[in-house]
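Here is a quick tour of one model, with a few spots worth a look. Have the sequence and the coordinates open as you read.

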Amino acid sequence: MTPPLLDRLPLPRHAPPPAPMDGALLRIDRLSLAYGQVEVVRGVSLSVAPGQVVCVMGRNGAGKTTLMKGIIGALRARSGRILFDGRDLTSRPSYARARAGIGYVPQGRGIFPQLSVLENLLLGLEPRGGRDDGRLEEVFELFPVLRQMAKRTAGVLSGGQQQQLAIGRALMGRPRLLLLDEPTEGIQPNIVEQIEGVIASLKGHVAVLLVEQFLDFALANADYCCVLESGAVTMEGPPASLEAERLREALAV
Ligand code: ADP
């Protein structure tokens, strides 16, 4: 019998360094982001503690992906600060943020379809200077289908398999914070369950900042939720504290 996912989780080999004074691993402080003159993230403050799952929700166009881009450094902050493990990363380039321990799975997965599954995974070692340290084996244990498909071209994988590959690749860098932008988008229900299981099993080990439109998925998995409307946080708190009616209204199309 296969052991439960949690038992198969690649655990950190070393004790994580102590959290900063306020307990947050990621702290975003009044961050504003713009495309040209158009500000689409407006004064967002948000914290993620080590091992916590925080979910960002909001309608299409609310600014969720832009917020992710700001955190990884693909978009320069107009104002505000991004602190990671107590270090100010606001003006640091993307690669420095990846090396600091921020992993990113973009919306649409961002895999390289012409490369093999294995080659895609090995690219994920870049933030660690290419060192494997047994990580590939751990990722294969977490996502057995990737082992079976290791030599196949990534482009032939199903949507759910590609999502597993994208998450697996990000985990190859041993991130301390994983940013997941709509991991269940366009995926069959049975694979959604599997991805949900992986996110649940990461809880307590890797901090996750999750963008998710599916309310049930978000509420079941998150320790803390925050709702963006027109680029600003309008609701936030542990899922049980959010008023369901108001939440549905904020997310309604
Ligand atoms: P969400 O992820 O919540 O759907 P986005 O962050 O993708 O929202 O988009 C927020 C706003 O920024 C939208 O109005 C969108 O049209 C705009 N936007 C997104 N990407 C760009 C871009 N590259 N250039 C200009 N505007 C953009």
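## The sheet

Start with strand β1 (residues 26–35) and strand β4 (residues 79–84), which pair in the antiparallel sense over 5 bridges. To find your place in that pairing, look for Arg27: its bridge partner in β4 is Leu83. Keep in mind that this is a predicted model.

Zoom out and you get an open sheet of 4 strands, running in the order β2-β1-β4-β5 with antiparallel pairing. The edges are β2 (38–48) and β5 (87–88), each of which pairs on one side only.

## Around the ligand

Which residues sit around the ligand? The list is Tyr35, Val40, Arg59, Asn60, Gly61, Ala62, Gly63, Lys64, Thr65 and Thr66. By character, that shell splits into 3 nonpolar, 5 polar and 2 charged residues.

Now for the polar contacts. The backbone supplies a polar atom of Gly63 at 2.9 Å from a ligand oxygen, and a polar backbone atom of Thr65 is 2.8 Å from an oxygen of the ligand. Thr66 joins in with its side chain, where a polar atom lies 2.5 Å from a ligand oxygen. As for cover, the ligand taken alone exposes 560 Å², and the protein buries 57% of that.

## Helix α2

Which helix gives the most to the shell around the ligand? That would be α2 (residues 64–72), with 3 residues.

Helix α2 is also mostly covered, with 7 of its 9 residues buried. The buried ones are Lys64, Thr66, Leu67, Met68, Gly70, Ile71 and Ile72. So two names from the ligand shell turn up again here, because Lys64 and Thr66 count as buried at under 20% relative accessible area. Just past the end of α2, check Gly73, which takes a positive phi of about 90°.

## Two cysteines, no bond

How many disulfides does a search of the whole structure find? The count is 0. Cys55 and Cys225 are the pair to inspect here. The sulfur of Cys55 has its closest cysteine sulfur in Cys225, but at 5.1 Å that is too far for a bond, because a disulfide needs the two sulfur atoms within 2.5 Å. Seen from the other side, Cys225 is in no disulfide either, and the nearest cysteine sulfur to it is that of Cys55.

Are these cysteines buried or exposed? Cys55 has 0% relative accessibility, so it counts as buried. Cys225 is also at 0%, and therefore counts as buried.

Note on methods:
Residues numbered from 1 in each chain as written. Predicted model: local features only at pLDDT ≥ 70, side-chain atom pairs only at ≥ 80, totals over all residues. Heavy atoms only, no water. Near = heavy atom within 4 Å. Polar contact = N/O pair within 3.5 Å; in protein donor to acceptor, adjacent residues only side chain to side chain. Areas by Shrake-Rupley, 256 points an atom, 1.4 Å probe, with all protein chains shown as cover. Nonpolar A, V, L, I, M, F, W, Y, C, P; charged D, E, K, R; others polar. Buried < 20%, exposed > 50% of the residue type's maximum accessible area, 1.4 Å probe, protein only. Pairing = 2+ DSSP bridges.
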